[in-house]
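Let's take a friendly walk through this model together. Have the sequence and the 3D view open side by side.

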Amino acid sequence: MTLQSMTGFARDESSFGRYRIVWELRSVNGKGLDLRLRLPPGLERLEPDVRRLVGEQVTRGNIQASLTLVASETKLEAVLNREALDAVLSLRAELGAVIDPAPLRLDTLLGIRGIVEIREADESPEEADARDAEILECLARATAHLRQMREQEGAALADVIARQIDRIEELALAVEKDPSRSAEEIGRRLQQQVAALLQDSSQSLDPVRLHSEVALLATKADLREEIDRLKAHVAATRDLLGKGGPVGRRLDFLAQEFNRESNTICSKSNSSAVTAAGVELKVVIDQFREQVQNLE
């Protein structure tokens, strides 16, 4: 499966009879799938099918979908009000002895308000169903285009994230190989600190207690666990990038784990080189998190 960005735009246009159909889809980042629809009045019945079609292509993002339906011409029909006509004819019959008995002309009837109404012709159920089917076909093409654009941006994001992961791995290895992490160097530094403490102190220190304290400090200064976890997170990230699909949330969780390890490395550091690597780790991890938050 390919990665998808959560940002994208798609437009598709179609025609059916006298109608011009236009769908526009806009997608931005979101915690889940939030679809906001703008449908012309009278087409609200299409909403379940619209949500189903969009959900088949994307699983995350704030999406605005708007449908424009324009009729190139208006189909009119004349509707006769039978009740009004019967009332007029009944009145004519009642007044037949006092008015002109000539037959009523069509233009006379049309001039009487309420006899004939000119209105837009209603579509037959078959015509409405066929038009709705074309609207949904147009939407299916638009959502496919949106997915394609999101996948293209997802591929570009994957390249950026892969380079960032490479850099995180390089920095983790630099910390691992730094001479200050060796047992000999840790012991030497602690010996210097203890010697300075003994020199400035008027009291002697218990050798046994001193030994245990030195061992505790050495354990606290060791970065083995943090480095191992960084390597594990790097491998997990590469695995997710390789699998593809909607992995944005899991990558965002890994970004938090990366940040936790880099903080610990900085707090435990006993050399300027390790501190510098830890600070750069934090910068790269922050950039990594910004990118993965754009992924589906």
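What follows starts with one helix, moves to its salt bridges and ends at the surface. Keep in mind that this is a predicted model.

Begin at helix α9, which covers residues 272-292. At 1.5 Å a residue, its 21 residues should span 30 Å, and the end C-alpha atoms are indeed 30 Å apart, so the two values agree. Several residues of α9 are buried, among them Val274, Leu281, Ile285 and Phe288. Looking down the axis of α9, you will find its buried residues within an arc of 135°, so they line one face of the helix. Those buried residues pack against α4 (125-177), α7 (224-243) and α8 (248-268).

Helix α9 also takes part in a salt bridge: Arg167 pairs with Glu280, with the closest N and O atoms 2.7 Å apart. This pair links distant parts of the chain, since Arg167 sits in helix α4 and Glu280 in helix α9, 113 residues apart. Glu280 has a relative accessible area of 32%, so it counts as partly exposed. Arg167 also meets Glu170 in a salt bridge (2.9 Å, N to O). These two are 3 residues apart in α4, which means that about one helical turn separates them.

Elsewhere, Arg11, Glu13, Arg20, Glu24 and Arg26 are linked in a network of salt bridges. Within this network, Glu13 and Arg20 meet at 2.9 Å, N to O.

Finally, Leu91, Leu95, Val98 and Ile99 make a nonpolar surface patch of about 350 Å². Leu95 lies in the loop between α2 (82-94) and α3 (106-111), and its relative accessibility of 34% makes it partly exposed.

Notes:
Residues numbered from 1 in each chain as written. Predicted model: local features only at pLDDT ≥ 70, side-chain atom pairs only at ≥ 80, totals over all residues. Heavy atoms only, no water. Helix = DSSP H or I, 4+ residues; strand = E, 2+ residues; numbered from the N terminus. Expected span 1.5 Å × (residues − 1). Buried < 20%, exposed > 50% of the residue type's maximum accessible area, 1.4 Å probe, protein only. Arc of directions from axis to C-beta. Contact = heavy atoms within 4.5 Å. Patch = residues over 30% accessible without salt bridge, like charges linked within 9 Å, V, L, I, M, F, W, Y side chains within 5 Å. Areas by Shrake-Rupley, 256 points an atom, 1.4 Å probe, with all protein chains shown as cover. Salt bridge = Lys/Arg side-chain N within 4 Å of Asp/Glu carboxyl O.
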